[in-house]
Every structure is written in structure tokens, then in C-alpha cells.
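Notebook, on empty space and packing. I wanted to look up where this chain leaves gaps and where its nonpolar side chains gather.

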Amino acid sequence: MSEIAGTSVAEGLGDRARELDAVDPLAGHRKLFALDEETVYLDGNSLGALPAHVPARMAEVIGREWGELRIRSWDESGWWTAPERIGDRIAPLVGAAPGQIVVGDSTSVNVFKAVVAAVRLAGEGRDEILVDATTFPTDGYLAASAARLTGKRLVPVAPGEAASAVGPGTAAVLLNHVDYRTGRLHDLPGITAAVRAAGALAIWDLCHSAGALPVGLDAHGVDLAVGCTYKYLNGGPGAPAFLYVAERHQAAFDSPLPGWTSHADPFGTTPEYAAADGAVRGRVGTPDILSMLALEAALDVWDGVAVEAVRAKSLALTDFFLECVAAYVPAGRVVPVTPEVHAERGSQVSLSCPEAPEVMRRLIERGVVGDLRRPDVLRFGFTPLYVGFADAERAARALAEVLAEVPAGARGAS
Ligand SMILES: *Cc1c(COP(=O)(O)O)cnc(C)c1O
């Protein structure tokens, strides 16, 4: 099965891809993005593609709102309330009722707010914070600092063991919903229930699930959550992150970064801090308006899109990509590390491959853009709003071609 171009296997899969694209209810969304036909973009889990209408909106924001209205735009252009307003746009995508999400700062900063606030909400007598041992590093660094600051012990746990590790001494548990490296989806409903049953708070990092799959924050009783908007939500490089505080915690939510914009009377310039009600309490300082409004415009691509439909296509795409890889790539050259089981799969496929650095370099040269997670993981993100089945087939075919050029055992320069 290792002969590639022109074989009946490739023709068969190429035909299947065309058929699947023809009946894909989301196929029409691709034209909403600035993408070229030469590139297969499988890195939307690092930086989502640009929605094509955003530059014109930003020209208006800069030229009219900043350039002409200037200070008046805080009110007249709705700048001041953008963090809550945009939070309410993200809310349905992660299963949250309005009034619980605020947009601003980076995910890293929001992890810090969430962990410290969760420890404060948990109250006295609980001396440990559990943290995902496989987490994207920033969450781990910040949880460690939050633990030192609050005088708690930091206990790393594998997400699969979090439900049994949580106990009466646990204040908070911070986990990634989807593992950024392997693409494994963790059991948010089950783990959240176990954490809450132990009297602790569950904090989820949704960076690799927001915009990729249904999260159900309210339905599953999540306490706090954070997430990125420049990955599957296409908000642009460095777009502000979001913070979810479940309504039942808002009155007691005590932010470790109580800036003036989360004050009940921000323009009262009083020396004492008094927190505003609701999601606004998660704000800190002046919002990053240009990035924030680029994100707001980018969210238009979700109008009329159910995240369930995105999930269905994501699973079909990743299944099909895995099938093409199995058909085209000689056995043993790559090993999928993303789970087969749908219930445990995010919206990416990671393949371990000893020659990964050289292979990814050559794939990108051929216009198949995924990324590398050192030392040996080839990572391909599938963004259902703009990636199609023909893209998946082409990427698998390019991978087989590149592997035919790179001998097994070659490590490459990078
Ligand atoms: C992408 C990602 C981040 C990014 O954090 P920034 O503060 O935006 O740099 C954090 N956590 C996880 C799990 C991520 O995947």
C-alpha cells in the first residue's frame, strides 16, 4: 500500500473526499476565511485563520472609532462594555448562559486569577491544589505560583486519575480539557462531578476545545474555566482570552488582580476596592480594544453554526485523515497518539514519528501546514469551519511522499 500517486487506493480516497465535501453542511464556511487553495492549513489549533471580513471592520475601528471619535468611542462605540458583550457571544459555544464570561488578558493571566480565586472560594482547611501533570506548561507554572502565594501544596496528577486523587484536603483542580500534545479529550463531566463531590472547585482550561466541540460548562456544573480565542475561535494573534465564573460563585469571587475596571464604580476613584457584580468582576485594567474588536468581528463566522455540527465534522475529518494515513503511509513509520475512541478525541491528530522535525519541515514546504511538538510529535489540527475532506486526503498523501524521501532514522537539522 506504499505506492502512492496514481494508485487505485489514492483514487478511491480522493473520490471519497470529494463526495464527503459535496455533502458537508459546513463546506460553505470556508469562503468566509482568507485562505489560498495552495495551502492545507492544519494549524488552526495554534493560530486560527483570518475571517475575510475582519480587515474591513478593523479599518473602521481604527479609522472611525479611534481616528475620529477618539475618547467618545468608549461609550459611543461600545468599547467599555466589550469584555462582557463578547463574553456573551462566546458563551453559547461553550454551553454557558449569558453573564458568566468576560474577555480580556491572556489565558495565562486568567489561569492565575482562576486558581487563586478558586482557593479563596474553597475556604479554610484545604491545603492542596491538583494540577494536570500533562498540562501545557504555562498552566503548571502559574498554578505553582498560585500555590506558593496561597500557601497550598501543588500536586501534579494525570487527568485520568484526578477523580480518584481529589479529597477533603483539595481546594481546587486545574485541568486541560484537551491535551495540546496528544489531542486526548478528558472526561469533563465525570471529573467535574467528582471534584465537586469532594467539596473542591473544578477549573478547566478550554484552549483546545472552545470552538472545536461542545463543552457544556453550565450543564456539567463547572466552577471556573479559561480559554483561548486565537485557536479555534479565530480571534487573531494574541487575541484576549476568556474567563468563566459560574453564576453561583460570582458574589464570592475574589480576584487576585482587582483592577479599577472590575470596580463597582470604576470612575468613582475611591481608594477602597469594591468589586462589581457579575462577570465584570473578572476584569483587571483597560481592555485591549483593537484585539478585542477583531475577535468580536471574527465571531460572526459562528452565526447560525451549532457547535454540535462542528463536532460531527471534526470527528468525521479526523477519522478520514487517520484512514488515509493508514492507507498511504508504510506501516510503522508513524504511530497515532490521539485516541481512536471518539469520546476521547479532541479536534486534532497527533502522530509520533522519530523523524518528525525533518518531516514537518518538508510538509510545510509542500504547503501542508501542521506543527511539531518536540521531540517527535507531528500535530495536525482540524478546524471544521474551513478544513475539508480533500485537505485531509492531500495532507496524508503529502505525508507519505515526504516519508518516502526521509529515511527512517533521519533526525534532520531542526
Ligand atoms: C494555547 C494554550 C495556552 C496559551 O496561553 P497564552 O497565555 O495565550 O499564551 C494556555 N494553556 C493551554 C492549555 C493552551 O493550549
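Entry 1, the cavity. The model I am reading is predicted. I sorted the lining of the largest cavity by class and got 5 nonpolar residues, 1 polar and 2 charged. I then wrote down the names: Arg30, Leu35, Thr39, Val40, Tyr41, Tyr386, Val387 and Asp391. Thr39 must be the polar residue, because Gly and the residues listed neither as nonpolar nor as charged count as polar. Arg30 and Asp391 are the charged pair, since Asp, Glu, Lys and Arg make up that class. The volume of the largest cavity is about 40 Å³. I asked how many cavities reach 30 Å³ or more. The count is 1.

Entry 2, the second largest pocket. I noted a volume of about 210 Å³ for the second largest pocket. Its lining has 17 residues, and closest to the centre are Asp21, Arg30, Gly388, Ala390 and Asp391. I had already met Arg30 and Asp391 in the cavity lining. Which helix gives the largest share of the lining of this pocket? I found helix H13, residues 389–405, with 3 residues. By class I recorded 8 nonpolar, 2 polar and 7 charged residues for the second largest pocket.

Entry 3, the largest pocket. I noted about 310 Å³ of space in the largest pocket. It is lined by 24 residues, and Phe136, Cys207, Cys228, Tyr230 and Lys231 are the closest to its centre. I looked for helices in this lining and found that H5 (107–122) and H6 (137–150) each supply at least two residues. The classes here came out as 9 nonpolar, 9 polar and 6 charged.

Entry 4, the nonpolar cores. I turned from gaps to packing. The largest nonpolar core holds 92 residues, and Val94, Leu206, Phe321, Leu351 and Leu378 have the most contacts inside it. I checked which domains feed this core: domain 1 (7–32 + 306–405) and domain 2 (55–302) each give at least three residues. I picked Val94 for a closer look. Leaving out residues up to four places away in sequence, I listed what Val94 touches: Ile101, Leu206, Ala210, Val215, Gly216, Leu217 and Phe242. Leu206 in that list is also one of the residues with the most contacts in the core. Another core, of 27 residues, lies apart from the largest one, and I noted Val116, Ile129, Ile203 and Leu224 among its members.

Methods
Residues are numbered from 1 along each chain as its sequence is written. This is a predicted model: local features need pLDDT of at least 70, side-chain atom pairs count only at pLDDT 80 or more; totals for chains, interfaces and linings use all residues. Side-chain values use heavy atoms; hydrogens and water are left out. On a 1 Å grid over the protein atoms alone, a cavity is a set of points where a 1.4 Å probe fits but cannot get out, and a pocket is an open set with protein on both sides within 12 Å along at least five of seven lines; lining residues have an atom within 4 Å of a point. Grid points are joined across faces, edges and corners, and a volume is the space filled by probe spheres set on the points. Helices (H or I, at least four residues) and strands (E, at least two) are DSSP runs, numbered from the N terminus. A nonpolar core is a set of buried Ala, Val, Leu, Ile, Met, Phe, Trp, Tyr and Cys residues joined through side-chain atoms within 4.5 Å. Buried means under 20% relative accessible area, exposed over 50%, partly exposed in between (1.4 Å probe, protein chains only). Domain bounds come from an automatic or database domain assignment. Contact means heavy atoms within 4.5 Å.
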